[in-house]
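Subject: Structure handover and notes

Dear colleague,

I am passing on the structure we spoke about, and below it you will find my notes on what turned up when I went through it. Please read them with the coordinates open beside you.

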Amino acid sequence: MDSDERLQFEGKWDRMRGRVKEAWGSLTDDDLDRTEGKWDQLVGTIKERTGESADKIEERLKRMLD
């Protein structure tokens with residue numbers, strides 16, 4: 001993900017938060033709060049909770065942005 005896409009994601013975090021929680025139900029509100037809407041932290045948290053690969057997580061997040 002390039003820096004423009006990251007900024008777009010971080011700017012949409014409030015709307016994306018619900019989608020992320022729905023897509024990865026194992027994430028808690030505390031997990032999402034700790035990421036502060038930062039792309040890398042979110043990917044790392046999802047990876048830690050689910051065991052999914054970072055590439056797969058990033059692809060799914062990018063689709064949510066569209």
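Let me begin with Asp66, which is exposed, its relative accessible area being 82%. This residue sits in the segment after α5, and its C-alpha atom is separated by 24 Å from that of Arg49, although the two are 17 residues apart along the chain.

Before going further, please keep in mind that this is a predicted model. The mean pLDDT of the protein is 90, and 98% of its residues reach 70 or more. Among the elements, the lowest mean pLDDT, 78, belongs to helix α1 (residues 3–11), whereas helix α4 (residues 39–50) has the highest, 95. As a general caution, where pLDDT is low, the predicted coordinates should not be read in detail.

The nonpolar core

The largest nonpolar core is made up of 15 residues, and the ones with the most contacts inside it are Phe9, Trp13, Val20, Trp24, Leu42, Ile46 and Leu61. Helices α2 (13–23), α4 and α5 (54–65) are the elements that give two or more residues to this core. If one sets aside the neighbours of Trp13 within four places in sequence, the residues in contact with Trp13 are Val20, Leu32, Thr35, Glu36, Gly37 and Leu42, and of these Val20 and Leu42 also appear in the list of core residues with the most contacts.

One of those partners, Glu36, deserves a separate remark. Glu36 is placed in the loop between α3 and α4, and its phi is near 55°, a positive value in a residue other than glycine. With a relative accessible area of 55%, Glu36 is exposed, while it is nevertheless listed among the contacts of Trp13.

How α1 meets α4

The helices α1 and α4 pack with their axes 10 Å apart and at an angle of about 75°, which makes α1 roughly perpendicular to α4. On the α1 side the residues that meet the other helix are Arg6, Phe9 and Glu10, and on the α4 side they are Trp39, Asp40 and Leu42. Two of these residues, Phe9 and Leu42, are also named among those with the most contacts inside the core. When you look at this packing, please remember that α1 is the element with the lowest mean pLDDT.

Salt bridges

In general, side chains of opposite charge can pair when their charged atoms come close. Searching the whole structure gives six salt bridges, and I describe some of them here. Arg17 forms one with Asp33, where the closest N and O atoms are 2.8 Å apart; since Arg17 lies in helix α2 and Asp33 in helix α3 (residues 29–35), this pair ties together parts that are 16 residues apart in sequence. Asp33 is partly exposed, with a relative accessible area of 43%.

A salt bridge also joins the side chains of Lys21 and Asp29, at 2.8 Å from N to O. Both partners count as partly exposed, Asp29 at 40% relative accessibility and Lys21 at 32%. Taken together, Arg17, Lys21, Asp29 and Asp33 are linked in a network of salt bridges.

Lys21 lies in helix α2 and, not counting residues up to four places away in sequence, touches Leu27, Asp29 and Leu32. Its C-alpha atom is separated by 9.7 Å from that of Asp31, a residue 10 places along the chain from Lys21.

Another salt bridge pairs Glu52 with Arg60, the closest N and O atoms being 3.7 Å apart. Here Glu52 counts as buried, at 15% relative accessibility, whereas Arg60 is partly exposed, with a relative accessible area of 25%.

A further acidic residue

Finally, I noted Glu58, which is found in helix α5 and is buried, with a relative accessible area of 19%; the cut-off for buried is under 20%, so please treat that label with the cut-off in view. Glu58 and Lys47 are 11 residues apart in sequence and 10 Å apart in space, taken from C-alpha to C-alpha.

With best regards

Conventions:
Residues are numbered from 1 along each chain as its sequence is written. This is a predicted model: local features need pLDDT of at least 70, side-chain atom pairs count only at pLDDT 80 or more; totals for chains, interfaces and linings use all residues. Side-chain values use heavy atoms; hydrogens and water are left out. pLDDT is the predictor's confidence in each residue, from 0 to 100. Helices (H or I, at least four residues) and strands (E, at least two) are DSSP runs, numbered from the N terminus. A nonpolar core is a set of buried Ala, Val, Leu, Ile, Met, Phe, Trp, Tyr and Cys residues joined through side-chain atoms within 4.5 Å. Buried means under 20% relative accessible area, exposed over 50%, partly exposed in between (1.4 Å probe, protein chains only). Contact means heavy atoms within 4.5 Å. A salt bridge is a side-chain nitrogen of Lys or Arg within 4 Å of a carboxyl oxygen of Asp or Glu. Axes are lines fitted to C-alpha atoms, for helices over the stretch in contact, and angles run from 0 to 180 degrees between N-to-C directions. Angles under 35 degrees count as roughly parallel, over 145 as roughly antiparallel, 65 to 115 as roughly perpendicular and the rest as oblique.
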